[in-house]
Amino acid sequence: MTRLFVAIIFAMLFSISCEDAKETDSKSTQELDPKLSKLKLQPGFEAEHLYSPADNDQGSWVAMTFDDKDRLITADQYGALYRMEIPPIGADDVTPTIEKLKIQTGETVADSVIQMGYAQGLLYAFNSLYVMVNHRGNDEFEKSSGLYRLQDTDNDDQYDKITLLKALNGAGEHGPHSIVMSPDGKTLHVIAGNHTDLPEMDSYRLPKVWQDDNLFPQVKDPRGHANDRGAPGGWIAKIDPEGKNWELVSAGFRNPFDLDFNDEGDMFVYDSDMEWDLGMPWYRPTRICHVTSGSEFGWRTGNGKWSPAYPDNLPAIVNIGQGSPTNVVYGRGAKFPEKYQKSIYAFDWSFGMIYAIHLTPNGSSYDGEREEFLSGIPLPLTDGVIGPDGAMYFMSGGRRLDSDLYRVHYTGDESVAASNEASELTEENKIRRQLEAYHEGPKEGAIAFAWPHLNSEDRFLQYAARIAVEHQPVQEWQAKVLAEKDPVALAQGVIALARHGSKAQQTGMLNALLGVDYASLSPQHQVDLLRAFELTLSRFGVPSTSTKNKVINYLSPKYPAQTDVLNQLLSKTLAYLDDPTVAKKTLALLESNTGENVDVMANTATDASDLILRNPQYGMDIALTLKNMPPAQHTYYGMVIEDVDKGWTPELREKYFKWFNKAFSFKAGRSYIGFIDKARKKALTHVPKAKFDFYDKMSGADLLTSSGNDLAVSTVSPKGPRHNWKVDEIEPLLADGLKGRDFEYGKSMFASTSCVTCHTMQGEGQNIGPDLTQLGTRFSPEDILKAIIDPNDVISDQYNSTVYTLKDGKSIVGRLMNETDQNYVVSQNPYAPDITREIAKDQVTDIKMSTVSLMPPGTINSLNEDELKDLLAYLISGGDPKNPIYTEANN
């Protein structure tokens with residue numbers, strides 16, 4: 001088969017059409033190293049490709065640090081540590097000199113390398129190499145999860161001592177991650193994901209009183225993710241160099257990989273989202289968080305995540321969108337223009353983006369603005385640092401992908417003079433730091449200093465004040481809370497008392513809240529007040545009947561409200577109290593299109609559509625969701641009344657269970673159907689037994705799989721076992737031809753491997769990719785299988801997507817549908833090709849063809865040998881059971 005024919009088959013099977021893409025790439029660009037030509041950088045920056053570990057059997061690198069001799073130390077995610085000297089910028093040969101690190105024992109050097117595999121964090125500091133291992137060790141030669149310190153005690157430039165500073169219970173992608181030097185140069189900070197148990201700390205800046213604190217009926221992820229994980233989620237701790245003293249700084253993250261500090265000493269983290277929650281009201285995008293002392297960011301398992309509007313957690317300073325955060329590094333020491341020296345760089349593994357986050361002080365915190373600093377398709381980013389030469393070093397790889405090491409330096413005209421001096425702090429920032437001095441425990445004067453700031457309009461300042469109060473003995477301030485007349489300070493005080501008080505104080509707390517003139521409050525202060533009600537109920541339970549009725553009578557007339565967050569708080573609180581009007585009111589919201597109707601993805605800094613074609617393996621889930629996304633707040637309203645007993649009529653019940661049936665027609669994250677079904681089943685426990693089957697059928701029971709996690713389909717699922725098919729296995733697989741293949745089973749495999757979601761066969765399927773009915777008349781089984789296994793090897797320009805680089809540094813990936821004299825008209829969602837966007841031609845500085853096929857690799861890895869042969873026979877037959885391949889093979 002010629003290369004031309006291979007290109008055609010790739011086009012036929014797997015790529016998006018871009019028929020009229022312009023040939024604007026210069027010949028010199030095409031002749032570049034493809035590892036460099038795929039990169040998009042800001043003007044004035046250049047990249048060098050330094051090394052490919054996979055070419056030298058050195059694994060997939062995920063962590064890096066420079067030592068005191070300006071050598072780069074890296075870690076293979078599943079293997080050894082490496083140390084290298086890197087030639088200077090501009091050298092003719094930039095290939096590093098590399099050695100595997102070995103441990104010296106006694107007077108001899110051991111033959112084996114240092115057994116520090118599964119390292120996800122490295123830091124050279126205090127004449128030591130700190131290594132964060134993320135792994136459940138299987139034998140005596142593998143280190144288990146924890147923080148280790150490597151030292152050279154005899155000054156021979158070889159590490160000879162390994163000390164376990166702290167064992168950590170957690171592993172995997174949500175395990176322990178990075179180690180970072182603190183701004184004071186005397187301590188370290190460590191960070192871990194939500195599958196890492198919080199070890200016992202010596203002290204807690206975030207008081208150790210966390211709970212789920214959510215009256216929304218709890219539904220854990222239907223697919224089992226993080227179902228055994230509770231508060232406080234991912235965490236950050238401050239430690240001394242010997243690892244003897246551990247202090248909890250912050251928690252409530254999902255899976256933050258890394259952190260860094262700006263010149264003013266403030267900490268920033270890039271936290272991950274839960275992509276299976278896409279399109280649901282509790283979905284939280286990847287985001288940049290300003291992490292302050294004692295801060296909480298509200299992650300809870302399943303649907304229990306807190307709204308960023310709640311006063312007992314802090315909001316992000318930038319919402320990024322979908323992605324997989326890996327690295328955070330500040331531009332300190334970079335020989336870049338001042339703007340980039342003072343940027344926080346956030347790395348996204350899934351979509352190959354380095355974001356530069358530009359910070360502007362705002363009160364005691366910051367506003368953040370995202371800029372696409374560097375991107376590549378594909379570019380699975382893992383780690384990055386600013387080197388001693390002022391360049392940025394970064395790596396791609398992880399999950400056993402081929403890994404590459406790059407260097408980025410500035411060659412433009414702007415000054416690169418060092419400008420990493422701390423700016424003058426705002427007054428609010430200074431006050432916040434004074435308040436944080438009271439986060440270490442009981443201190444004289446804390447209440448007097450902190451209390452006046454409980455009614456601050458500055459969220460971060462107000463939060464710091466409440467945490468300062470919570471660190472003082474509760475008997476010193478509980479009476480002050482109940483006597484507080486300022487409604488804003490009262491809400492904060494009740495929140496603190498709910499977290500530290502007792503059931504005996506509940507009636508007094510609720511009565512104090514009931515005395516507030518709700519209508520006089522701003523929307524945010526109404527949120528704070530309602531959250532105080534919720535915490536008082538979630539911590540201490542349903543109050544006495546008389547008090548319960550008072551709360552219902554106070555809150556019920558205020559529902560429904562004008563904003564989603566208020567409606568969420570009101571509905572779940574009234575549902576918890578079994579208000580007899582909540583079902584009817586909520587169903588009215590469920591049938592209406594009023595309210596904010598916030599698109600949880602459109603409000604993120606990255607337009608979700610821009611991500612789809614950067615990584616089809618992840619992007620196609622986004623594409624399907626955008627095509628038919630459920631109204632996010634409707635999902636909330638449908639679930640919040642699942643346990644309500646009072647106020648139902650036969651008419652209301654029919655409306656409710658018909659809503660479930662309708663909800664199953666939408667597409668959202670992978671767990672969406674399971675969440676809806678769990679709520680449906682819970683709601684059915686409240687109907688009369690004689691009517692169970694009636695409502696069960698009405699609600700769509702027959703639409704679901706037996707597990708309730710997915711919609712039922714007629715196709716047969718693969719039996720497996722799974723196998724990672726390789727090109728060199730094609731010849732032995734097909735040595736005996738395709739004798740005795742099963743047409744119907746092959747057709748089922750065509751559906752179960754999702755071929756049908758992009759291609760048509762005999763008029764059935766989607767027209768995202770070419771019709772495959774005639775495929776078998778043009779290509780052999782060998783060529784078809786090779787194209788399936790390695791879809792990125794050759795991609796025809798005729799069916800490729802295009803990357804448009806703009807003057808502002810952004811890039812847009814899409815399929816060219818049309819163009820005018822002024823604009824390119826592109827489509828970015830293969831499932832909604834009629835939705836287009838225009839790109840002004842005078843803003844485009846470069847156009848390149850994507851190097852990623854829409855067809856992700858691994859689509860057939862769920863199939864065993866016979867199943868794969870059945871699929872191939874079906875493809876060759878063009879969906880015709882009478883095709884000669886079946887009759888001839890069976891004769």
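Reader: What does the accessible surface of the protein chain come to, and what share of it belongs to carbon and sulfur atoms?

Author: Accessible areas are obtained by the Shrake-Rupley method with a 1.4 Å probe, and for residues only the protein chains shown count as cover. Here the protein chain has an accessible surface of about 35,500 Å², and 47% of that area belongs to carbon and sulfur atoms. This is a predicted model, in which local features need pLDDT of at least 70 and side-chain atom pairs count only at pLDDT 80 or more, while totals for chains, interfaces and linings use all residues. Residues are numbered from 1 along each chain as its sequence is written, and side-chain values use heavy atoms, with hydrogens and water left out.

Reader: How many of the residues, as a percentage, are buried in the protein chain?

Author: A residue is called buried under 20% relative accessible area, exposed over 50%, and partly exposed in between, with a 1.4 Å probe and protein chains only. By that rule, buried residues make up 59% of the 891 residues in the protein chain.

Reader: What radius of gyration does the protein chain have, and what would a compact globule have?

Author: The radius is taken over C-alpha atoms, and the globule rule is 2.2 Å times the number of residues to the power 0.38. For 891 residues the rule gives a value near 29 Å, and the protein chain has 29 Å, so the two agree. Along the principal axes, the C-alpha atoms fill a box of roughly 85 × 80 × 65 Å.

Reader: How should I read an aromatic pair, and how many does a search of the whole structure find?

Author: A pair of aromatic rings is described by the distance of the centres and the angle of the planes. Rings of Phe, Tyr and Trp (its six-membered ring) pair if their centres lie within 6.5 Å, and planes under 30 degrees apart count as stacked, over 60 as edge-to-face and the rest as tilted. The search of the whole structure finds 31 aromatic pairs. One of them is the edge-to-face pair of Phe-268 and Tyr-366, with 5.5 Å centre to centre and 65° between the planes.

Reader: Which strands hold Phe-268 and Tyr-366?

Author: Strands are DSSP runs of E with at least two residues, helices are runs of H or I with at least four, and both are numbered from the N terminus. Phe-268 lies in strand 19 (residues 267-271) and Tyr-366 in strand 26 (residues 365-376), so that the pair, 98 residues apart, links distant parts of the chain. Phe-268 is buried, with a relative accessible area of 0%, and Tyr-366 also counts as buried, at 7%.
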